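Good morning, colleagues. I would ask you to look at the structure on the screen while I speak, beginning with the protein chains and then turning to the DNA.

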Number of protein chains: 2
Amino acid sequence: MDYTRGAGGAAIGARLRRVSEWIDGDATRVYAALGIDFEQRWFGVLNQLARQGPASVGELASALRITHVSVSQTRQSLEKAGIVASETDPADARRRRLTLTEDGARLVERLTPLWRAFEEAALELNAEAGDAVAALDRLDDALARKSLFDRIIAIMPSPASGRSAAPTG
Amino acid sequence: MDYTRGAGGAAIGARLRRVSEWIDGDATRVYAALGIDFEQRWFGVLNQLARQGPASVGELASALRITHVSVSQTRQSLEKAGIVASETDPADARRRRLTLTEDGARLVERLTPLWRAFEEAALELNAEAGDAVAALDRLDDALARKSLFDRIIAIMPSPASGRSAAPTG
DNA sequence: GACATATATGTAGGCGCCTACCTATTTGAA
DNA sequence: TTCAAATAGGTAGGCGCCTACATATATGTC
């Protein structure tokens, strides 16, 4: 048996990461097979800019549920590739507003059918997996209600009680 | 709405990774709160060595479902920390057999109650999430049956049919 | 026995995220 | 108006995995 199927909290994290790697790896191979130079992490930012229009680093980070640092790093990669441009927001000099360049818009247009195929494949996969996405949602919600940290700490015996029990043995 | 809850194949990968980061981050914080110097990736290797005894890099990689390179890197980190020792397998000079050192065995003994608390927290979380682990199993199985790559490629229109349709516009 | 192929594990570099810390700008309270 | 606190996004370094490629050893065929 795959040991991670029987193990605890740390192993669930490892399992999620592993499946994530598997899926991302497959997606990356599709782009490569089509001769498209694309970084997986671009998808979230591009998709959001294409659908919602220009956005700041922080807005994208909130929407994507990742740190602003990740968005900033992705932004730099996208700017280097000429896909995204950014400027200081006129309304707030702390903000950086990201927009698709013309090349970026063309790339998105070119990739949209592919992303539709991704979507369809994901729906098919999800159906086969008995709605894994809904389970992921529930997991997300459960963690938002109470973190794993708090759960673990609540379960652990307090040092004082543990010590008073031991010497009787 | 959190956009990733509505998006496709690439976004499922991102979601899995994000939840994984969340869980791993919490686990890391528990060790830190207890003043224990521990790398999250050590868990899989240590747990396996403690339960199954000495093992080779490849055996651990198979059991943990990660690449031998990851195991090798983790092994190096563990050896540096004096937790694991390794030697060339007498029966096959290509193999490297990993074993827990005395310090390693003591660390595992010390951490076992903590790992039980992890397990219990994970069960609690999983129950709240309506058996997310079973869903993950099903997702795993579905991907093993047919990769996301194959699914996407099967769905995509072939280039020839796409091209013959376009010029009529 | 010779040698092609398979197997085991290492190195190098990269991916996509993170935390800690920092600087600059904006907001709100006194 | 002044200034403390909040907000925005950057740099630096790290985490835990990956692929590509390499070397050494074992196995199997001729």
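How many salt bridges does the rule find across the interface of chain B and chain A? Please bear in mind that this is a predicted model. Across that interface, the rule finds 16 salt bridges. In one of them, B:Arg17 is paired with A:Asp24, with the closest N and O atoms 3.1 Å apart. The count of residue pairs in polar contact between chain B and chain A is 24.

On the chain B side, α1(B) gives the largest share of the residues touching chain A, namely 20. That side divides into 37 nonpolar, 12 polar and 20 charged residues. The contact as a whole draws 69 residues from chain B and 69 residues from chain A. Between them the two chains bury about 7000 Å², 65% of it on carbon and sulfur atoms.

I turn now to DNA strand D. There are 25 residues around this strand, and those that come nearest are A:Gly58, A:Ser72, A:Arg75, A:Arg96 and B:Thr67. Of the strand's atoms that come within 4 Å of the protein, sugar and phosphate account for 65%.

Which element supplies the largest share of the surface near DNA strand D? It is α4(A), with 6 residues. That surface comprises 5 nonpolar, 10 polar and 10 charged residues.

Three particular contacts deserve mention. A polar side-chain atom of A:His68 lies 2.9 Å from a base nitrogen of strand D. From chain B, a polar side-chain atom of B:Gln73 lies 3.2 Å from a base nitrogen of that strand. For A:Arg95, a side-chain N or O atom is 2.9 Å from a phosphate oxygen of the strand.

Key. Residues numbered from 1 in each chain as written. Chains lettered and ligands numbered in written order. Predicted model: local features only at pLDDT ≥ 70, side-chain atom pairs only at ≥ 80, totals over all residues. Heavy atoms only, no water. Contact = heavy atoms within 4.5 Å. Buried area = accessible area lost by both parts, 1.4 Å probe. Salt bridge = Lys/Arg side-chain N within 4 Å of Asp/Glu carboxyl O. Polar contact = N/O pair within 3.5 Å; in protein donor to acceptor, adjacent residues only side chain to side chain. Helix = DSSP H or I, 4+ residues; strand = E, 2+ residues; numbered from the N terminus. Nonpolar A, V, L, I, M, F, W, Y, C, P; charged D, E, K, R; others polar. Near = heavy atom within 4 Å.
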